[in-house]
Amino acid sequence: MHEYTYQTMVNDLLPIKDGVISYKAEQNKGSVEKQVLLNENDELWVELRHFHIAKVIEIIKERMADIIQNNAGAALHKNSGSDMSITKMAAAVKELPEYRETMTKLGQHVNLAQQCMDAFHKLGLMDISQLEQTMSTGVDEEGKECKGQELVQMLGEALSNQQMPKVMKIRLLAIFIISQRNTSAEDRGSLTRAAGLTGAEQQILLNFEKIGSTLQTNSADKKKSGIMGMFRGKAAPKHAATAEGDYADTRHVCRLKVLLEQLMNNELPTTDFAAAGPTAGGAGDSKSAAKSVRRYGANSRWGRRDQTMFSGGRFLVFIAGGVAYNELRTGHDLMTQHTKEVVIGGSHIISPSAYIHDVAALHPSSIAAMDLFL
């Protein structure tokens with residue numbers, strides 16, 4: 001699904017490869033193409049990547065204003081004996097090495113955030129994301145239950161939009177197939193026709209059906225299992241607040257959050273998560289567990305400046321088949337909320353497009369449509 005954390009939008013909407021992304025920067029001599037490497041060495045990226053894009057833009061604006069104001073004060077102090085005009089003051093500030101360095105780094109993320117928002121508006125993702133959230137949670141942004149023919153009609157109207165890319169239509173239909181049960185063949189046929197999918201593109205959806213039905217059949221708990229369980233997480237009466245506040249486009253809560261909270265509270269069901277050795281015991285009990293000596297953002301130029309240390313044990317999660325960006329965000333949010341160290345890993349990190357690309361590769365008839373998701 002589309003999610004509007006900074007990291008998810010960059011990886012889902014922008015042309016990024018191996019963490020490298022290009023952008024055009026305006027300079028005195030015209031626009032210049034620059035490249036940015038987004039990794040752990042970019043402290044601003046590490047700090048902002050799990051935030052909602054609206055919060056990211058707000059933080060960047062505040063940082064830029066603060067830097068200009070502080071450096072302007074330094075410049076004035078240095079030249080206190082002269083009567084500086086605003087123009088001269090601005091020129092003096094821009095000559096400061098720390099100004100150039102910090103403003104360049106902030107400027108990079110201003111450009112990336114702007115690219116994300118440009119793609120967001122161009123693709124009409126506001127309406128699409130709301131529909132995705134409604135399908136996955138079963139309720140709209142006001143907390144009203146939405147299912148059955150009402151949901152089919154909403155999706156049919158969206159799929160009839162000739163301007164919507166095929167990639168978006170397949171994603172919407174995939175979420176519908178996975179999250180909705182007992183949908184008639186007639187409804188599915190009408191939705192597929194509304195989307196105007198080719199035979200190869202329809203086969204991708206059949207691949208999703210096979211994956212979902214197989215995982216449900218092999219699980220004793222069909223209500224909260226497999227792919228269905230990934231979508232049927234917790235649903236708030238209205239919509240869940242993120243760490244930064246209320247955002248209706250983030251009301252879906254992934255299944256990992258439920259499991260990770262159970263792990264932290266030593267409440268994971270042993271029937272599904274049997275211990276290979278001694279049980280975790282007091283892993284979440286700061287009295288019985290050793291403290292982690294790793295600090296979260298301590299002494300970081302862009303991160304938190306407090307000296308808070310994690311309490312309790314270290315919680316490790318490995319996700320076979322690929323870990324999604326919203327799952328990484330979930331670990332970050334719970335780590336921040338509980339000040340307990342969470343380490344999430346997987347066979348690889350996967351984006352929505354990469355995931356559908358892999359699903360398309362499961363059947364010879366749908367391989368022809370794989371190029372849509374490169």
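**Figure 1. Close-up of Thr339 in its loop.** Thr339 is partly exposed, its relative accessible area being 27%, where partly exposed denotes values between buried (under 20% relative accessible area) and exposed (over 50%), computed with a 1.4 Å probe on protein chains only. This residue sits in the loop between helix H13 (325-338) and strand S8 (342-346), the helices (H or I, at least four residues) and strands (E, at least two) being DSSP runs numbered from the N terminus. Although Thr339 is not a glycine, its phi is positive, near 50 degrees. The model is predicted, so that local features need pLDDT of at least 70 and side-chain atom pairs count only at pLDDT 80 or more, whereas totals for chains, interfaces and linings use all residues. Residues are numbered from 1 along each chain as its sequence is written, and side-chain values use heavy atoms, with hydrogens and water left out.

**Figure 2. Close-up of Asn266 in its loop.** Asn266 lies in the loop between helix H12 (255-264) and strand S6 (315-319). A positive phi of about 55 degrees is found at Asn266, which is not a glycine, and with 41% relative accessibility Asn266 counts as partly exposed.

**Figure 3. The largest nonpolar core, with Leu155 and Ile204.** This core has 63 residues, and Leu155 and Ile204 are those with the most contacts inside it; a nonpolar core is a set of buried Ala, Val, Leu, Ile, Met, Phe, Trp, Tyr and Cys residues joined through side-chain atoms within 4.5 Å. Helix H8 (residues 166-179) gives the most to the core, with 10 residues. Leaving aside residues up to four places away in sequence, Leu155 touches Leu131, Met135, Leu172, Leu173, Phe176 and Leu191, a contact meaning heavy atoms within 4.5 Å.

**Figure 4. The two sides of helix H9 (residues 185-195).** The buried residues of H9 are Asp187, Leu191, Thr192 and Ala195. Viewed down the axis of H9, these buried residues fall within an arc of 135 degrees, so they line one face of the helix, the arc being that of the directions from the helix axis to the C-beta atoms. Ala185, Glu186 and Arg193 are exposed on the other side of H9, and just after H9 Gly196 takes a positive phi of about 65 degrees.

**Figure 5. Confidence along the protein chain.** The mean pLDDT, the predictor's confidence in each residue from 0 to 100, is 76 for the protein chain, with 72% of its residues reaching 70 or more. Over residues 214-245 the pLDDT is below 50, and this stretch has 69 contacts in the model beyond near neighbours in sequence. Where pLDDT is low, predicted coordinates should not be read in detail.
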